[in-house]
Amino acid sequence: MRSTGKSSLLILVTLVTAAITLYAQVGAQERTRGQTEERLVKSTREAMINVLRSAGANPSIGEEAKTFDRLVGTWDADFTFYRADGSVFHKKGELLFGWVLDGHAVQDLWIGYPTEGQKERTIGTTIRFFDTALKQWRVIFVNPQFNYVVTAQGGREGDRIVLHGRDTDALPIRWTFSEMKPDSFHWQGEKSHDGGKTWKVEEDHHMKRRST
């Protein structure tokens, strides 16, 4: 009877141990499967971004690549906005430039950090490409948070980059990159209310290249 009791206890312990081991193995397999599925979903979502970006300009752009290639990278931004009522609004942010679409275009992200009363950052993006027929850079800027889309075109004018277009109210606008140095540049957005005879500054931004 004692021998039988010990045998039963041994069998019970063996069965419990086997069950625990099996449970642990199944749990590990489930966790591994879950992690694999999570990585797959993440990689699938990032696939478009990975394909979008390019290491550099496409050779077909030639010398024109230098127009915006010098801006590739990340910049700390000091944004200034001049409002219609005469007030001035400042905010900090960042600006990121990079080649996309197999190097046929440059895309940037204008990011404004949240200020008091704001729950999220502001973010807009520009796609820039050199139109080989027009011999000018064409750009389209989109800010979905404000239902805002504008286009402009232009290129290098001396040591500046100047782009002309029309705002959503059909008035002429002028965007100018100036004081361009390896570690800083100045950007101004202007609007004309008299057909281009005079210009009023609406945005005045200073950028400093972020050190790595």
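Two strands are said to pair if DSSP finds at least two bridges between them. Strands S1 and S2 of this predicted model form a hairpin with five residues between them, and Gly86 in that turn has a positive phi of about 95°. The chain as a whole comes to two helices and 10 strands. Both helices precede the strands, since the order of elements from the N terminus is α-α-β-β-β-β-β-β-β-β-β-β.

**Overall composition**

- Of the 212 residues in the chain, 30% count as buried.
- Among contacts with a separation of 6 or more, 36% are made by residues 24 or more positions apart.

**Strand pairing from S1 to S3**

- Strands S1 and S2 run antiparallel and are joined by 10 bridges.
- Within this pair, Phe79 has Lys91 in S2 as its bridge partner.
- Strands S2 and S3 also run antiparallel, with eight bridges joining them.
- Val100 stands opposite Ala105 in S3.
- The hairpin of S2 and S3 has four residues between the strands, and Leu101 in its turn has a positive phi of about 55°.

**Strand pairing from S5 to S7**

- Strand S5 pairs with strand S6 (residues 148-157) in the antiparallel sense over seven bridges.
- Opposite Val139 stands Ala152 in S6.
- Four residues lie between S5 and S6 in their hairpin, where Asn147 in the turn has a positive phi of about 50°.
- Strand S6 is joined in turn to strand S7 (residues 160-166) by six bridges, and these two strands run antiparallel.
- Arg156 stands opposite Ile161 in S7.
- The hairpin of S6 and S7 has two residues between the strands, and Gly158 takes a positive phi near 65° there.

**The largest nonpolar core**

- In soluble globular proteins, nonpolar side chains tend to be buried together.
- The largest nonpolar core of this model holds 27 residues, of which Phe68, Leu71, Phe97, Trp175, Phe177, Phe185 and Met207 touch the most other members.
- Strands S1, S2, S3, S5, S6, S7, S8 and S9 each supply at least two residues of this core.
- The largest share of the core comes from S8, which gives four residues.
- Residues up to four places away in sequence aside, Phe68 touches Phe97, Val106, Arg128, Trp137, Ile161 and Phe177.

**The largest pocket**

- The largest pocket has a volume of about 1,000 Å³.
- It is lined by 35 residues, and those closest to its centre are Phe81, Phe141, Asn143, Tyr148 and Glu203.
- At least two lining residues come from each of the strands S1 (73-82), S2 (88-100), S3 (105-112), S4 (122-131), S5 (136-143), S8 (172-181), S9 (184-191) and S10 (200-209).
- The lining of the largest pocket divides into 17 nonpolar, nine polar and nine charged residues.

**The second largest pocket**

- The second largest pocket contains about 260 Å³ of space.
- Its lining consists of Met48, Ile49, Leu52, Arg53, Leu96, Phe97, Gly98, Trp99, Val100, Gln107, Asp108 and Leu109.
- Helix H1 (2-52) and the strands S2 and S3 each supply at least two of these lining residues.
- Strand S2 makes the largest contribution to the lining, with five residues.
- By residue class, the lining of the second largest pocket comprises eight nonpolar, two polar and two charged residues.
- Phe97 belongs to this lining and is also a member of the largest nonpolar core.

**Glu202 and its surroundings**

- Glu202 lies in strand S10.
- Glu202 counts as partly exposed because its relative accessibility is 27%, and this class lies between the limits of under 20% for buried and over 50% for exposed.
- Beyond its neighbours within four places in sequence, Glu202 is in contact with Thr80, Phe81, Tyr82, Gly189, Glu190 and Lys191.
- One of these contacts, Gly189, is 13 residues from Glu202 along the chain, and the C-alpha atoms of the two are separated by 5.7 Å.
- Another of the contacts of Glu202 is Phe81, which is among the residues closest to the centre of the largest pocket.

Key. Residues are numbered from 1 along each chain as its sequence is written. This is a predicted model: local features need pLDDT of at least 70, side-chain atom pairs count only at pLDDT 80 or more; totals for chains, interfaces and linings use all residues. Side-chain values use heavy atoms; hydrogens and water are left out. On a 1 Å grid over the protein atoms alone, a cavity is a set of points where a 1.4 Å probe fits but cannot get out, and a pocket is an open set with protein on both sides within 12 Å along at least five of seven lines; lining residues have an atom within 4 Å of a point. Grid points are joined across faces, edges and corners, and a volume is the space filled by probe spheres set on the points. Ala, Val, Leu, Ile, Met, Phe, Trp, Tyr, Cys and Pro count as nonpolar, Asp, Glu, Lys and Arg as charged, and the others, Gly among them, as polar. A nonpolar core is a set of buried Ala, Val, Leu, Ile, Met, Phe, Trp, Tyr and Cys residues joined through side-chain atoms within 4.5 Å. Buried means under 20% relative accessible area, exposed over 50%, partly exposed in between (1.4 Å probe, protein chains only). Contact means heavy atoms within 4.5 Å.
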